[in-house]
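Please work through the following exercises with the model at hand. Each task is followed by a solution in steps.

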Amino acid sequence: LGLDCRGGDNGQLDETGLEYSVEAQVDTDTDEFDENMKQEENTRAPTTPPHILMEKAKRFGEILQNSVIQRRLPPGSMDGLKRNFQLLSTQSKQFIKQSRKGGSMLNSVLQTQSNKAWDFLAPGFLGGLSLWPSRKFAMTFPIIFLLSLVGSSVGFHLFLYFISIGYGLAIFVPSFISLAAYNLVGRGHIPFLTNVYTGMVLLWSIRLTLYLWYREYIGWPQLHEKIVEVDQKTKMSAKVFFWISLSLIYSTMVMPCIYRLQDAIRSEGRVAPWGPVGFLGILIQMIGLGMETVADAQKSEFKSIPGNRNAWCHTPGLWSFSTHPNYLGEELFWIGTYLGGMGCYRNIHQWAIASLGILFISVVIKGAISSLGTRHLRKYSHIEEFREFRKTHRLWGPVPERWRISIQPVSQAEQKESEPVDGQVLEPAEHESKSESAS
């Protein structure tokens, strides 16, 4: 048996993967075998020492095993290796059987060394065969959609959860499972930056879910009562429609991360470059997450002060820079997520899916801001400071002089419609405005 593994220097594989050659010469005729043995003894031709054969077999097995672990075998290699493994095993048995007939001392040497050789070869082959299916592992869009359905199904408990707590869970479930699954299959070969990029989405979903839960059940219990009231007026058909349609959109928002993870595990070490756009995307992600977190914290602190629950939030900090800094942070975060995955969009379908996600969240945020702006005008337009701020600021911050518009106070009748009645809390939850926009 001659085993030869051709790769890079020092047994390392080159970029083309593993090239191997297994050759076995079998003499099926016993007489011809005996004649060859006699000629070899007469000429005393040098033969391959058993320990050299063992070293080559050991080296082949180790390189193969390392290649399988590192996922550097090219697609289709396992099928060929499996066939050669079976052929080599069969031919070696035939070779040893015929050597017994020849009565040569080579019999015991070959049998002993062959058994030892397979001890080294078997782990590589069997390990490769067992790990081979993982090379085709992929979290496809239908799988991500199903995971989003699981996360957002909390909306069947309370309808507005489809666009609040269910929104966060619909992002959390697929991002967490994908991050864990790809790192498990990749065995540490997912690039650090890819894990950071996807981890930011996971962190965003955790923060949003915990914040909304805290606000509803601890910081603002009256809001929970209003959400329950809305749920009682909602039909099951509307819940099913929102559940499916919103989960479909939520899954498109996560797909840029999935494309990054998928590229890392299938590229065999040659991941798509991040480039300036990719690095910019991660930076925008971080800025957006930080801005949204700080804005929510500042608003919660302001609203917790007695008498401020229905007051206009204009605290020093981000709320003096933007009309809706929390929405601005969310918009920036998803823009960064979209940009971060650009280097991995391989075809028109992936571009369409990722673009649909960023388009949807942009439209929803725009609609929510418009709805909140109208309500704020009815409630706070009698405040001169509010009118001046709305004149000079927009979502993205201060605006130039030529883009400023005058804000007029609304009529007394419209103001009375917005005043609390019998202790009712009329300030709309921001995710309720999202619900109207999504509708």
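The exercises below concern aromatic pairs, charges over rings, salt bridges and a surface patch in a predicted model.

**Exercise 1. Classify the ring pair of Tyr197 and Trp274, and state where each residue lies.**

Solution.
1. The structure holds 19 aromatic pairs. In one of them, Tyr197 and Trp274 have ring centres 5.4 Å apart and planes at 80 degrees.
2. Planes over 60 degrees apart count as edge-to-face, so the pair of Tyr197 and Trp274 is edge-to-face.
3. Tyr197 belongs to helix α7, whereas Trp274 is in the loop between α9 (236-266) and α10 (275-303). With their positions 77 residues apart, the pair links distant parts of the chain.
4. Buried means under 20% relative accessible area. Tyr197, at 0%, is therefore buried, and Trp274, at 12%, is buried as well.

**Exercise 2. Determine whether Tyr345 and Trp351 are buried or partly exposed, and classify their ring pair.**

Solution.
1. The ring centres of Tyr345 and Trp351 are 4.9 Å apart and the planes meet at 75 degrees, so this pair is edge-to-face.
2. Tyr345 has a relative accessible area of 7% and is therefore buried.
3. Trp351 has a relative accessibility of 33% and therefore counts as partly exposed.

**Exercise 3. Identify which arginine lies over the face of Trp274 and which over that of Trp220.**

Solution.
1. Over the face of Trp274 lies Arg260, at 3.8 Å from the ring centre.
2. Over the face of Trp220 lies Arg309, at 4.4 Å from the ring centre.

**Exercise 4. Describe the salt bridge between Glu292 and Arg207 and the network to which these residues belong.**

Solution.
1. Side chains of opposite charge can pair when their charged atoms come close.
2. The structure holds five salt bridges. In the one between Glu292 and Arg207, the closest N and O atoms are 3.4 Å apart.
3. Glu292 is in helix α10 and Arg207 in helix α7, 85 residues apart, and the pair thus links distant parts of the chain.
4. Glu292, at 3% relative accessible area, is buried; Arg207, at 14%, also counts as buried.
5. A further salt bridge joins Asp231 and Lys239 at 2.7 Å, N to O, and both of these residues are buried.
6. Salt bridges with shared partners join Arg207, Glu292 and Asp296 into one network.

**Exercise 5. State which residues make the nonpolar surface patch, and place Tyr217.**

Solution.
1. Trp213, Tyr214, Tyr217 and Ile218 make a nonpolar surface patch of about 420 Å².
2. Tyr217 lies in helix α7 (residues 192-219).
3. At a relative accessible area of 34%, Tyr217 is partly exposed.

Key: Residues are numbered from 1 along each chain as its sequence is written. This is a predicted model: local features need pLDDT of at least 70, side-chain atom pairs count only at pLDDT 80 or more; totals for chains, interfaces and linings use all residues. Side-chain values use heavy atoms; hydrogens and water are left out. Patches are made of residues with over 30% relative accessible area and no salt bridge: like charges are joined within 9 Å, nonpolar side chains (Val, Leu, Ile, Met, Phe, Trp, Tyr) within 5 Å. Accessible areas come from the Shrake-Rupley method with a 1.4 Å probe; for residues, only the protein chains shown count as cover. A salt bridge is a side-chain nitrogen of Lys or Arg within 4 Å of a carboxyl oxygen of Asp or Glu. Helices (H or I, at least four residues) and strands (E, at least two) are DSSP runs, numbered from the N terminus. Buried means under 20% relative accessible area, exposed over 50%, partly exposed in between (1.4 Å probe, protein chains only). Rings of Phe, Tyr and Trp (its six-membered ring) pair if their centres lie within 6.5 Å; planes under 30 degrees apart count as stacked, over 60 as edge-to-face and the rest as tilted. A charge sits over a ring if NZ of Lys or CZ of Arg is within 6 Å of the ring centre and within 35 degrees of the ring normal.
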